[in-house]
Amino acid sequence: MSDEANDDARERGSRREQPRPPSPEELADREAAEAVYAELLARLGEANPQPRLEPTRRAVELLGDPQRSYAVIHITGTNGKTSTSRIAESILRAYGLRTGLMTSPHLDRVNERIMIDGEPITDRALADNWADIQPYLLMVDAELTANGELPLTYFEALTVLAFASFADAPVDVLVLEVGMGGEWDSTNVADGDVAVFTPIALDHENRLGRTVAEIARTKAGIIKPAAQVVTALQSAEAMDELLRAAEHDEAEVIAEGVAFQVRDARLAVGGQMVSIRGRAGEYPDLFLPLFGEHQAQNAAVAVAAVESFLGAGAQPLALDVLAEGFATVTSPGRLQLIGIEPSVIVDAAHNPHGAEALGRALMGSFAFESITAVVGILADKDERGIIEALDPIVDRFVVTQSDSDRALPADELAELVTRVAGPDRVRIEPELDVALAELRDELGPRDAIVVTGSITLVGQAMRIAREEDWAL
């Protein structure tokens, strides 16, 4: 990491305000929100999504279809969905629109998934909206059970809660990230004015399909009649599926490399300077406080999506407003620096495509003397592909595991990592807090620790940094 970037990080760290103790009312609201989360967790979890839309559709119908009370930009893909969603939302908010943002999964608290005007939903609003919708959820549960079907799942209930919360706010536009796939994802009961596709690659093969074409076909299910379709660069097989679906629904396709592109991206302190050719205008020299060429591409996709939404691609965005939207964007857990000396970076890469993007960003955006990857991967992922993508750019691996019940045991993952990287470059530490403490003691100020492999591991690392008071 450069000296200028380290100085900038130190200054930001020194400016941190000490949080005040919560009031009794805030503690009561927090308890109510945690009770909502406990009730969600009691339902069938996100690891077992049901390929169905009717239960979610029935629930929102009973609530008066809250998802129809605002415009929707619907975003799917394999990697980059959350960052692209957050960039698009930040631009829309800079335009003065009241925004909603739903992303998955959360890093710390479930409130993060329901963002209103750039802030997580308050504990009180979360609890109140849950109380409002719960009778209708139970009604749908009873109907499903009577028909021999599973009750509403965690994600189905959460999606209904989010839609109701955005209507209650109310918001003008919702940037809506798909949970998994697209066609049968419960978010797909909403009709997107713009359907956005980030790069599509292999992931969740047991749910979405064994080939990129099959996965793209499932994701293309978010395309609605006469929608505008904005897509990042795709493989030929993925693009064929998107074009076929768009033609069927008479939807216009706006593709990266044809209708818009990144003109230039240069490293800057705290991020990068990017120049983008949009659908309707040229946008030079914009500061984006995110690292990596993939984030520049995510930004270009977000710009094209907002151009499509605001003016059907015919009206350029105001450069000063776009600059404000870029400058205020955040994407927690995505190539995020959370500690210094040594640098501690977290990245939610959980498939080979994401790990490759992480590797390119580390090589292109930083100048570390050594990189130690702290990896923990969930059992349903391509662990070999992730490790092989990281192997050329890291000096050693520390194998750990998150507190998720889906986490691969550290000793089991270590066997695979050792086969790829060799025994001299691998050590095992099942406890993440111990692994981070030891590495922060051992490594120098120009070394880096990169925590990656699963979103749950990244969220846990961020909590540890805050609790042990070394987070930036």
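In this predicted model, the hairpin formed by β12 and β13 has three residues between its strands, and E341 there adopts a positive phi near 50°. The two strands of the hairpin, β12 (residues 336–339) and β13, run antiparallel and are joined by three bridges. Q336 has V346 of β13 as its bridge partner.

**Strands β13, β14 and β17**

From the hairpin, the pairing continues to β17. Strand β13 (residues 343–346) runs parallel to β17, with four bridges between them. Within this pairing, V344 is placed opposite I449 of β17, and I345 has V450 of β17 as its bridge partner. The side chains of β13 are divided between two directions: S343 and I345 point one way, V344 and V346 the other, and all are buried.

Strand β17 also pairs with β14 (residues 370–375), in the parallel sense and over six bridges. Here the bridge partner of S370 is D447 in β17. How far is β17 covered? Six of the six residues of β17 (residues 447–452) are buried, so that the strand is mostly covered. D447, I449 and V451 point to one side of β17, A448, V450 and T452 point the other way, and all are buried.

In general, the strands of a sheet pair through backbone hydrogen bonds, in either a parallel or an antiparallel arrangement.

**The eight-stranded sheet**

An open sheet of eight strands follows the order β4-β3-β2-β5-β1-β6-β7-β8, and its pairing is mixed. Why is one side of β4 and of β8 left without a neighbour in the sheet? Strands β4 (119–120) and β8 (252–255) stand at the edges and each has a single partner strand, so one side of each lacks a neighbour in the sheet. Strand β3 (residues 114–116) pairs with β4 in the antiparallel sense over two bridges, and M115 has P120 in β4 as its bridge partner. Helix α6 (residues 154–168) packs on the sheet, where it touches β2 (99–102), β3 and β5 (173–177). The direction of α6 makes about 10° with that of β3.

**Backbone features**

Two cis peptide bonds and two positive phi values in aspartates are listed below.

| Residue or bond | Value | Location |
|---|---|---|
| S104 to P105, cis | omega near -15° | P105: loop between β2 and β3 |
| A169 to P170, cis | omega about -15° | P170: loop between α6 and β5 |
| D285 | phi near 50° | strand β11 (residues 282–288) |
| D469 | phi about 65° | segment after α16 (455–467) |

D285 has a relative accessible area of 47% and is therefore partly exposed, whereas D469, with a relative accessible area of 52%, is exposed. The cut-off for the exposed class is over 50%.

**The protein as a whole**

The secondary structure of the protein comprises 16 helices and 17 strands. For 472 residues, a compact globule would have a radius of gyration near 23 Å, and the 22 Å of the protein agrees with this. The C-alpha trace spans about 60 × 50 × 50 Å along its principal axes.

Of the 472 residues, 56% count as buried. The accessible surface comes to about 19000 Å², and carbon and sulfur atoms account for 49% of this surface. Among contacts between residues at least 6 apart in sequence, 72% join residues at least 24 apart.

Methods:
Residues numbered from 1 in each chain as written. Predicted model: local features only at pLDDT ≥ 70, side-chain atom pairs only at ≥ 80, totals over all residues. Heavy atoms only, no water. Pairing = 2+ DSSP bridges. Contact = heavy atoms within 4.5 Å. Axes fitted to C-alpha atoms, helices over the stretch in contact; angles between N-to-C directions. Rg over C-alpha atoms; globule rule 2.2 N^0.38 Å. Buried < 20%, exposed > 50% of the residue type's maximum accessible area, 1.4 Å probe, protein only. Areas by Shrake-Rupley, 256 points an atom, 1.4 Å probe, with all protein chains shown as cover.
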